[in-house]
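Biologist: Hi! I'm new to this one, could you walk me through it?
Modeller: Happy to, let's put it on the screen.
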Amino acid sequence: SPYGWQRHISTPSIPGYGVDAVYQQSDQKQWVNRCEACGHWQVLTYPDSLVQTGTDEAGQLQYDFGCLRCHRTGRIDRLAREWVVQHPSRRRHASGYQLSQLACPWLSATAIMRKAQDYRFPEQFFNYVLGLPYAGDNVLFTQPAIEAGIESYQLPGRPIPGAPAVAGVDWGDVSWVVIGQRVEGALLVVHVERLAQRHPDEQVARVAEIMRTYDVRYLVADAGYGKDRNAALLQAFPGRVYSCFYPVLPETSKVFQPQWQDDQAKVTVDRTTSFKLLAKALRDRDLRFCDFRRTAIWLEVLAHLLSLVSHREDDDDRGLVETIKHRGPDHLAHAFNYLWTAYAKLARTEDRSFYISAFADDVPGNRAPTGVEILGWPFFR
């Protein structure tokens, strides 16, 4: 095309991700309808624009569209409509359109409300019917939960004598390393560092220096970007460095046990389950932090952890599929996930038996079956 247009057409999932991120940068056109009673133009919204009007012969609730200003029902003309720009100054960047099934004249208000009841999870209704992103209760980490795990008496960057240490590393052009030590039955994060050295060998040398400082028992790092770097560390620290793989599983499972292959210095974990277990460990205060709040790195910790959101959708072949998505930078969050995996290895080698129900309290209405447990993940009480 001589105009060089790019078109992004999709169903939104979570705020700030995918097509919603593009829409937020656009002029944000919205579909407005006119009330024939008072003349008010409005964007139909859920649930404010849907008003219960009675029941049918079978006792089923009936609804109609109501005006947000005069509150009359049956007077919203859904054929009298137009696009209204919310941010004219952004028009040069992108022309964006958000459309909801509430604007479809062939769908009644009662049909919309029945769809709200039929979907298993609210994000499905918000995404597929309302055309809106949804985070809701799917945010894995919250700032209050993170800050509740701060041990104010302990300053970061100081090894705790006699406390076994583990590490997690996420490699990249900019890499992240996190160190934790077991203190009083919990994993205490004592060191977080951003590695901005340009040459990979310099990053490897810095991680090796940190490992010696804290006498790290086990380090888990991502396998995708850090293949050669992990090999170099393994040569320097045999038996203590593992590459972590996130497999694409053929079927969705609520629980997944980390698979350790010592002969290949490899561990395989389910990405979604491991992040949910990390979030549970934080809520249960099995994962805690030294007081990083006066350091520049603390804002990075918050930004990366708070960007993660759980997203659920129906798959024709696999049924309900839950995945972890990110609304911003998340590499440091992966370093924390590798750290918790390394902690599992520490517990496993010390002959400690830990059982955990991965989804027992993480997903309302989606409880794990009784007796479904994971062996090998640290769970302290």
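Modeller: Before the hairpin, a word on terms: strands here are DSSP runs of E with at least two residues, numbered from the N terminus. Please keep in mind that this is a predicted model.
Biologist: Got it. So which strands form a hairpin with two residues between them?
Modeller: That's β9 and β10, and Glu184 in the turn has a positive phi of about 50°.
Biologist: How many bridges join β9 to β10?
Modeller: Nine, and the two strands run antiparallel. β9 covers residues 175-183, while β10 covers residues 186-195. As one example of the pairing, Gln181 is opposite Leu188 in β10.
Biologist: Which way does β10 run relative to β15, parallel or antiparallel?
Modeller: Parallel, with three bridges joining β10 to β15, which spans residues 287-290. Leu187 has Leu287 in β15 as its bridge partner.
Biologist: Why is β10 largely enclosed by the rest of the structure?
Modeller: Because nine of its 10 residues are buried.
Biologist: Zooming out, how many helices and strands does the protein have?
Modeller: Nine helices and 19 strands. There are 381 residues, and buried ones make up 48% of them.
Biologist: And what about contacts between residues at least 6 apart in sequence?
Modeller: Of those, 65% join residues at least 24 apart.
Biologist: New topic: cysteines. How many disulfides does a search of the whole structure find?
Modeller: Zero.
Biologist: Why is there no bond between Cys70 and Cys67?
Modeller: The Cys67 sulfur is the closest cysteine sulfur to that of Cys70, but they are 3.8 Å apart, which is too far for a bond. The cut-off for a disulfide is a pair of cysteine sulfur atoms within 2.5 Å.
Biologist: Is Cys70 buried or partly exposed? And what about Cys244, buried or exposed?
Modeller: Cys70 is partly exposed, since its relative accessible area is 25%. Cys244 is buried, at 5%.
Biologist: Okay, over to the surface. Which residues form a nonpolar patch there?
Modeller: Trp83, Tyr97 and Leu99 do, and together they have about 310 Å² of accessible area.
Biologist: Where is Trp83 found?
Modeller: In strand β5, which runs over residues 76-85. Trp83 is partly exposed, with a relative accessible area of 31%.
Biologist: Last one: how much area does the protein expose, and what do carbon and sulfur atoms supply?
Modeller: The protein exposes about 19,200 Å², and 48% of that comes from carbon and sulfur atoms.
Biologist: Lovely, thanks!

Note on methods: Residues are numbered from 1 along each chain as its sequence is written. This is a predicted model: local features need pLDDT of at least 70, side-chain atom pairs count only at pLDDT 80 or more; totals for chains, interfaces and linings use all residues. Side-chain values use heavy atoms; hydrogens and water are left out. Buried means under 20% relative accessible area, exposed over 50%, partly exposed in between (1.4 Å probe, protein chains only). Helices (H or I, at least four residues) and strands (E, at least two) are DSSP runs, numbered from the N terminus. Two strands pair if DSSP finds at least two bridges between them. Patches are made of residues with over 30% relative accessible area and no salt bridge: like charges are joined within 9 Å, nonpolar side chains (Val, Leu, Ile, Met, Phe, Trp, Tyr) within 5 Å. Accessible areas come from the Shrake-Rupley method with a 1.4 Å probe; for residues, only the protein chains shown count as cover. A salt bridge is a side-chain nitrogen of Lys or Arg within 4 Å of a carboxyl oxygen of Asp or Glu. Contact means heavy atoms within 4.5 Å.
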